Protein chains: 2
Amino acid sequence: MKFVTTNIHKFEEVRTMLKEFGINIERVELKISEVRGTNEEIAMDAALKAYSIIKEPLIVEDSGLFINALNGFPGEFSKWVYNKIKPEGILKLMEGVKDRSAYFKAVVAYTDGKEIKTFTGIVEGSISYEEKGNKGFAFDVIFVPEGYSKTFAEMPEVKAKISHRVKAFKEFGKWFVKRQTYEF
Amino acid sequence: MKFVTTNIHKFEEVRTMLKEFGINIERVELKISEVRGTNEEIAMDAALKAYSIIKEPLIVEDSGLFINALNGFPGEFSKWVYNKIKPEGILKLMEGVKDRSAYFKAVVAYTDGKEIKTFTGIVEGSISYEEKGNKGFAFDVIFVPEGYSKTFAEMPEVKAKISHRVKAFKEFGKWFVKRQTYEF
């Protein structure tokens, strides 16, 4: 199966995860024009566009950080907002804000040209008061998952177990394996 | 000619302006899925989608506020950013920032099904230190055009003469009138 992503780190993370389900993936890089919409709409649209090009079963993923006090900002535009104002900008927007609750959401879309399905993973947490941990995965340096006191960027091992992305891909993995079985 | 917009105030503003060129417009409201891209790409894409539905010559407009110190944020996503963090959020992001330069850009796209053309208007200025003037037109309350000391929201008469939108529609008007003449 193909995983359409430009992000090599994300690909490696997902490859290891799906191997546990016996699913082997290969990375494909495609320039796809994205629609505006929810993560679900973006992922489904990207999956269909990618399928029309590569014509093989594939998955794509779209995710975002949703901050409640900012009406869900940066949400579906997280990657774009990250490039413009960085975690520093988010911390500035959150200065003096008491409700720091936020969540990360990931949506995986799968299509084989006959059907299309999405799988959602959410991890609740809060926005820290300063950037902490290794930079790299965008807003991980300012996101503290519920039940922990460190940011995702400070504890990659924990993230690898409880993240929104892990949850979404595990949902997909379970469904896909079950589905294969039914095909006999 | 049709002007595809959900904004009645914008429609009235443009209607008066284009009347000077002898161009009469009617308002059409359509739900169109927007692409992500530059204002030019968004306007062109929206014009083509609208044409496929109404099949008559039409114009659409897309605009944004670009703040240099924020790498062009909120830019093409100005309307969305406005709904999420309001002018208040922009002022927070600009706290302690010396370079307050910014510009408004408007792009008008015209199509008659045979050709498609865009017209751009830009007005330079800077971000104020507080919100001033009548609320309504999004970021007008924090934008001071070059050569003035008040915000767009404080001086609607000035805005009606020098705005990015006026400039873009005048470019369109001039081109359209000339083009009509050539058709004889």
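Student: How many residues does the contact take from chain A and from chain B?

Tutor: Keep in mind that this is a predicted model. The contact takes 16 residues from chain A and 16 residues from chain B. Sorted by class, chain A's side has seven nonpolar, four polar and five charged residues.

Student: What turn lays chain A on chain B?

Tutor: Here's the general idea: two copies of a chain are related by a rotation about an axis and a shift along it. In this case, a turn of 180° with a shift of 0.0 Å along the axis lays chain A on chain B, and the RMSD is 0.0 Å. That's the relation of a two-fold axis. Among the residues of chain A, Val35(A) comes closest to that axis, at 2.3 Å for its C-alpha.

Student: Why do the copies meet through the same surface?

Tutor: Because 100% of the interface residues of chain A are interface residues in chain B too.

Student: Okay, now the inside. Which residues have the most contacts in the largest nonpolar core?

Tutor: In soluble globular proteins, nonpolar side chains tend to be buried together. Here the largest nonpolar core has 94 residues, and those with the most contacts inside it include Ala47(A), Val108(A) and Ala109(A). Ala47(B) is on that list too; beyond its neighbours within four places in sequence, Ala47(B) touches residues including Leu58(B), Val60(B) and Ile116(B).

Student: What do the buried residues of α2(A) pack against?

Tutor: They pack against β1, β3, β5 and β6 of chain A. The buried ones include Ile42(A), Ala43(A), Ala46(A), Ala47(A) and Ala50(A). Generally, an α-helix has 3.6 residues a turn, so residues three or four places apart point the same way.

Methods
Residues numbered from 1 in each chain as written. Chains lettered and ligands numbered in written order. Predicted model: local features only at pLDDT ≥ 70, side-chain atom pairs only at ≥ 80, totals over all residues. Core = buried A, V, L, I, M, F, W, Y, C linked by C-beta atoms within 7 Å. Buried ≥ 20, exposed ≤ 12 C-beta atoms within 10 Å, placed from the backbone. Contact = placed C-beta atoms within 7 Å. Nonpolar A, V, L, I, M, F, W, Y, C, P; charged D, E, K, R; others polar. Least-squares fit on C-alpha atoms with pLDDT ≥ 70 in both. Helix = DSSP H or I, 4+ residues; strand = E, 2+ residues; numbered from the N terminus.
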